[in-house]
Amino acid sequence: MSHLEVRDVVKRYGQLTVLSGVSFAAQRGEFVVMVGPSGCGKSTLLRSIAGLEEISSGSVSIAGHDITAAEPSDRGVAMVFQNYALYPHMTVAQNMGFALKVARRPRSEIDAAVTRAAEILRITDHLGKYPKALSGGQKQRVAIGRAITRAPEVFLFDEPLSNLDAALRSQMRIELSRLHRELGATMLYVTHDQTEAMTMADRIIVMNGGNIEQIGSPLDLYNRPATRFVAGFIGSPRMNFIAARVVRLSGRTVGLSLGEGRPLLDLEFAPGETLPVLGDAVTLGIRPEALGDGGEIHLADAEVAVVEALGRETLVYSDAHTLRTTDSESLDGYFAALVPSQSDKRPGQRVSLRADRSAFVVFAADGATLHDASPVHHE
Amino acid sequence: MPLPPTPTITGTSSARRPALTAGSLTATAMMAPALILIGVFILIPAVVAVIGSFFDFSMTSANWTYVGGDNYRRAVTDPLFWLAISNNVFIVVGSVISQVGGGAILAAILDRGIRRGNVVYRTIIFMPVVISSIAVAFVWMLILDPNVGPLNAVVKALGLPTPRLGWLGDPSISLWMLLLIAAWQNVGFQMMLILAGLQAIPREHYEAASLDGARGLKAFWYITLPGIRNVLVLATLITVIGGFKVFDLVFVTTGGGPANATQVLGTYTYTQAFAFGNMGYANAMAVVLLVTAVLLGWLQVRLSRRA
Amino acid sequence: MQLRLNGEMRLVAGAILGAALLAVPARAEDIVIKMWTLDNNGYKEFIAEAAESFKATHPNVTIEHQIFPGDPYKTALKVALVGSDGPDVFFNWSGDRAKQLIKDKLALDITDFGNAPGGFAKVLPEGWLDAFRYDGRLYGVAMDAVSKYVFYDKAYFAEHKLEIPKTLGELGALCKAVRGINPDTIPMPLGNKTRWKAIHWMTMLNERAMGVEGTAADYDLSRPADQLYTDPGYAKAFQALVDLQDAGCFEDAPNATEYAIADSMFATKASPMEYCGTWCTSGLDAAGFTDYGFFRLPVMEGGKGSADANFLVPEGYQVSAKTAHPKEAVEWLSFLVSDEQGLKFAEKVQFLPSNAKLIDKAEGVPQSFKDIARDVGTLKQGVNVLDALLESTVADAYMNATVEVLNRTLTPEAAVGKVREAALAAQAKQ
Amino acid sequence: MTLRSRTVAIGLHAVVSLWTLFVLLPVFVMVISAFKSQAELFTRPLALPKQFSFAAFERAWGIGISGFLFNSLLVTALSVTIIIFASSLAAYILARSDRPVMRWVYVAIVAGFAVPLQSVMVPLYQLVSGAGLLNSRLAIALPYAAYGIPFTTMLFYAFFLEFPRELEEAARLDGCGRLEVFFRIVLPLSGPAIASGAIFQAVFNWNEFILALLMLTKSDVRTLPVGIYGLTGQYSADWPALMAGLSIATLPLIVIFLLAQRHFVRSLAGLGK
């Protein structure tokens, strides 16, 4: 049985549906990260699990108990908030011990729990201070410490690192991973930062528009995105998308062209798969790291527009003039390519955009990945 | 490090109710003290006043005679009622200009123009707010006295003419004096309110505006004014409602005189009720005042919510 | 909306009460009489000492004395009499205010208690009893009266060889003479900011123009509507006030001047005269000013008034209709107007007591007070003050009209018109 | 600093200084007058007293100002406590509830702010009288509290809208019920709103006159304004003692204001939102 189980959770505010039937389960000790763009419902889902939002239908259970209707404090969860939510009028120790104090635990037990949590987080020196005397990172540790003292079944994190600067953020990522290992606790972590998701998660839940798009391990999501949305969301820099059209149907082979041009790719559909219709709009996706001046398929000739040296690698944005990416991260439909730094590209330089055929991912008009369609060489 | 085995989930035992509206009983209980007090001491008397406005009775007599809308008809034809209303309107308009305007000017100066002595100034200017209207009225009566008052002495020393009938004895001047006293007492409050609003405007807005070339008046127009719009609405409405409710000040300084010249709804109602014993008529006028004031209160909510 | 017991109920209630009293005849219950008065100098001490003396005959009665500021008392009293915690006995002016309370059955008919042995009705002269007599019944006990005189600075008069005026015209001439000596000297400051100073003038000027008889039917609104306040004497009285103002008697802005300021002008000898009440003597005493004389407001040339009539406003106490102890309350009031207490009252408060039998024995009061008391004793006719005597809306209109006459925003005739208008409205409501 | 900006600065200083002087003059007159004799007060109004005499203060004290002070303190403290307690609770629910009916409740409460006291004075008196609460210091605190609640609720409402909700959510997760969240987290952090609400209401209740006059008829329960007003008699008024009494009555509030003014200004900012 799963440790945390969410079944068909629906959340509506009047006419507006924020969660439309979400289900997933987390195993004991698993670190699950929920990602998605803002407004996708991930925070609402987290807060529904915490009991801070009342759900319209569905159920939530933790460790086998149905807690759908329980008070937040009776659910066995602890939450770490984005803005820390430390009580300004209490010291660090009082903040961390507050839940136990409310539960009328004996003084000695509270002290012991606070001391232990402080040791884990290395904030023992700050126990007597008030939150306003702490730095952002220290505040976040206290917020985590407050969760630890409660010894919850499930830890909930609501974008806990988004208020920290970059260096501190990566440090805290490592700490959180260490903490997860040490405590062996079930953690549900909400973020919009895919790096956090990729680096910390055992499993990632990608949410979009109140639905779960895909659940899987970080590499699963990267390598086998279930939808165009997941493909676009996971991976940095973002995947290049190119609008394509079905221009030829022959048996189980479907020919695609880019824009008005001649067919570029043929797809071989596995038996049983629904074939697209002639004239259907589909999308081709290719990751920037797969795009370069080598490869079997020539996409287009282009002119380098912007070069961003990232250090080990260089990100090159090129303008193909006749062919534009859609849904692009950069402006103007430029193609993004991640190339080794030695390649020494300069703006204005002519390049050829090429890639291996296996690097292409094809998405149907509804956004679903056509996994069972494999590109074959044409020409 | 393993977690201590603390069983924390007790959720299954709760009845099936939504977690966060669970406190609606508590919510009602938390609202209760305020609602009960308001109900008993404001609502019930207000309702009784409305009922009383349809009767003819004196405070000391036990007989209530139902007269329908007579009291309201009487008000319509009573020139003093209209005079009182126009005096109220005068005070309202004058107070908004003098108090909100004056308060805004002082606040603007203290916010941007002056650094030294800021706290001292603002403390002193606010001080009259905490002095009782009774005290204010007595002190000003002394100051405005035509025979021995300092104001006359100062005006005479400047070689200017003093009003023959006295500052409070001349019907054409006494209302202005009430405005002056009210301003003396209340400008500090409005100043503080507006100052608080001004200080809540982020400095970056001014910096950005000044990079865009908007300084001085332009910055005031495009940054300051929109930034304190809500505060100004609130200040204005507090002043307007206060202007309609004005009582203590008029009651003690002029008693509505000379010869009713400064009668306002509050004092005229009081006179009709307690001096003449026309409780029904007084109630009818009180209801007019009540409705006006409540409408203004409603307006306040509307205006501040929209913002 | 008042609960009234009918006859039988009262009998039953009385029987129960009587039985209860009989059951415990030995122990008299403790009685608290709540008494409300204004705050005049010496009042508090006088009541406190009297209450102590009263214990000699009524050991079980405690007097609980509350004092009030002047104007708000009128409101507070009315409100309290209707409410649950009102006084048993309370101060009131004779005139319309007393009449209203009697009409609304809030003041008790105390004729029978008063006529009991030792009752006030056996002590006070008929004239004083009239102050609170309505339809032949007594509704109050007159305690004192205030009168008004023109006080003058004897030294100033002697220095400038000024004479006491015999007529209002001479008074005007006197004012001009004072202005002639120093134009900045205000001959007799008025101080009408609270409106009652000038209405005191009008009270006497009306008498001087028309006599007490001539005005009575207008004052109590008993004259037919078409004749109400049509006597040209009313306008003449206003004109007399205007004439005095034109003669420079008053300060420039009488309607903006506090009465206390007018009083101090005379007390500090900045002004040589003031038309002031008998209550002024204690204040002058306190200011160390003793060398003053006084005279009644002079008569009007061609007026119907009498030199033997003067301002005299009886004040006294009424008993609340709600009191639980009417007998004790009246006994207490009767005690207050006994010969001995009358004397003490004169000594402590320096008001003219209704019982002035022993006034000559008074100690610690200025000679002028005794002189005034003696002069009041020679009056043939007391003139009650308009603001207490008239129906409240008429009184209000009269005070406002007087203010406007002084401000010169109304002519005397127009002012009478305003009063008549109010009187007609009040009469129509009766 | 340029000449022009210096001129402007001087001009601004002058405006503020003039108003400050204008504000101070009457206060000065009040205090100075208390040291004069009645005659001196009226004959030499602008001059300093010839000798600083405390006689007027003694006379004012002699009418029992210490008792009035105590009564005012008691009535003010009690009513302000009730106001803060009831208003903050109500405002908290109003600010946190999304039920449409609560909007109407809010409007109704705000409407109460507009109800003029004198228009309901007689029914109110009869109510209090009927309940047998006349002449009870504590009883007058209840109507005072009722009339203070609307404005204070508005004040708290604005404050609570800005209050960080995560703190309350954290507290709920920590096991606090609604009441506990309020009393252990929200209220302890509402200092500015409490301070300004308390000052406003203290000013009003400390100075309230008409109701106190009607409902407190015994001199041993009277509050300051009524007690001091007693210095004006039927035919005479002791102005120096009046001024002395008013000075005594004014002082405590000025001190309280000076102590609390920092909070006060900060929380006013929330009112306009």
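# Reading the contacts between chains and domains

Q: What makes up the span of residues 4-234 of chain A, and how far apart are its end C-alpha atoms?
A: In this predicted model, the span is 37% helix and 26% strand, and its end C-alpha atoms lie 25 Å apart. The UniProt record, an unreviewed entry, puts the feature "domain: ABC transporter" on those residues of chain A. Take that name as the record's, because such annotations may be inferred rather than shown by experiment.

Q: Which two domains is chain A divided into?
A: The assignment gives domain 1 (4-229) and domain 2 (231-371). Taken over C-alpha atoms, the centres of these two domains of chain A are separated by 37 Å.

Q: With centres that far apart, what makes domain 1 of chain A and domain 2 of chain A count as being in contact?
A: Contact is judged on heavy atoms within 4.5 Å, so the distance between centres doesn't decide it. By that test, 15 residues of domain 1 of chain A are in contact with 17 residues of domain 2 of chain A.

Q: How much area do domain 1 of chain A and domain 2 of chain A bury, and which residues of domain 1 supply the most?
A: Interface size is often given as the accessible area lost when the parts come together. Here the two domains of chain A bury about 1,400 Å² between them, with 56% of it on carbon and sulfur atoms. On the domain 1 side, Q194(A), Y222(A) and R228(A) supply 53% of the buried area, more than any other three residues.

Q: How do you know what kind of polar pairing links domain 1 of chain A and domain 2 of chain A?
A: Check the two counts. There are 0 salt bridges between these domains of chain A, but the rule finds 15 residue pairs in polar contact, both residues at pLDDT 80 or more. Those two results can sit side by side because a polar contact asks for N or O atoms within 3.5 Å, one able to donate a hydrogen and the other to accept it, while a salt bridge needs a Lys or Arg side-chain nitrogen within 4 Å of an Asp or Glu carboxyl oxygen. On the domain 1 side, α6 (194-200), α7 (218-223) and α8 (228-233) of chain A each give two or more residues. By class, that side has 9 nonpolar, 4 polar and 2 charged residues.

Q: Why is the peptide bond from S236(A) to P237(A) called cis, and where does P237(A) lie?
A: Look at omega: it is near -5° for this bond, which is cis. P237(A) lies in the loop between α8 and β11 (240-250) of chain A.

Q: What is the phi value of R122(A), and where is this residue?
A: Phi is near 60°, a positive value in a residue other than glycine. R122(A) has its place in the loop between α3 (107-121) and α4 (136-149) of chain A.

Q: How do you know whether chain A and chain C touch or stay apart?
A: Their nearest C-alpha atoms are 49 Å apart, and the two chains do not touch. Of the 5 pairs of chains that touch, chains B and D have the most contacts.

Q: What makes chain B and chain C an interface, and what does it hold?
A: Set against the contact cut-off of heavy atoms within 4.5 Å, 27 residues of chain B are in contact with 28 residues of chain C. The area buried between chain B and chain C is about 2,400 Å², and carbon and sulfur atoms give 57% of it. The rule finds 5 residue pairs in polar contact across this interface, both at pLDDT 80 or more, and 0 salt bridges. On the chain B side, α11 (248-253) and α12 (265-275) give two or more residues each, with α12(B) giving the most, 3 residues. That side divides into 15 nonpolar, 10 polar and 2 charged residues.

Q: What holds for domain 1 of chain D and domain 2 of chain D: how many residues are in contact, and how many polar pairs are there?
A: The assignment puts domain 1 at 1-53 and domain 2 at 64-272 of chain D, and their C-alpha centres lie 32 Å apart. Each of these domains puts 9 residues into the contact. They bury about 630 Å² between them, 73% of it on carbon and sulfur atoms. In domain 1, M30(D), A34(D) and Q38(D) lose the most area to domain 2, together 65% of what that side buries. The count is 0 salt bridges and 0 residue pairs in polar contact, both at pLDDT 80 or more.

Key
Residues are numbered from 1 along each chain as its sequence is written. Chains are lettered from A and ligands numbered from 1 in the order in which they are written. This is a predicted model: local features need pLDDT of at least 70, side-chain atom pairs count only at pLDDT 80 or more; totals for chains, interfaces and linings use all residues. Side-chain values use heavy atoms; hydrogens and water are left out. Buried area is the accessible area (1.4 Å probe) that two parts lose on being put together, summed over both. A polar contact is a pair of N or O atoms within 3.5 Å; within protein, one must be able to donate a hydrogen and the other to accept it, and residues adjacent in sequence count only if both atoms are side-chain atoms. Helices (H or I, at least four residues) and strands (E, at least two) are DSSP runs, numbered from the N terminus. Ala, Val, Leu, Ile, Met, Phe, Trp, Tyr, Cys and Pro count as nonpolar, Asp, Glu, Lys and Arg as charged, and the others, Gly among them, as polar. Domain bounds come from an automatic or database domain assignment.
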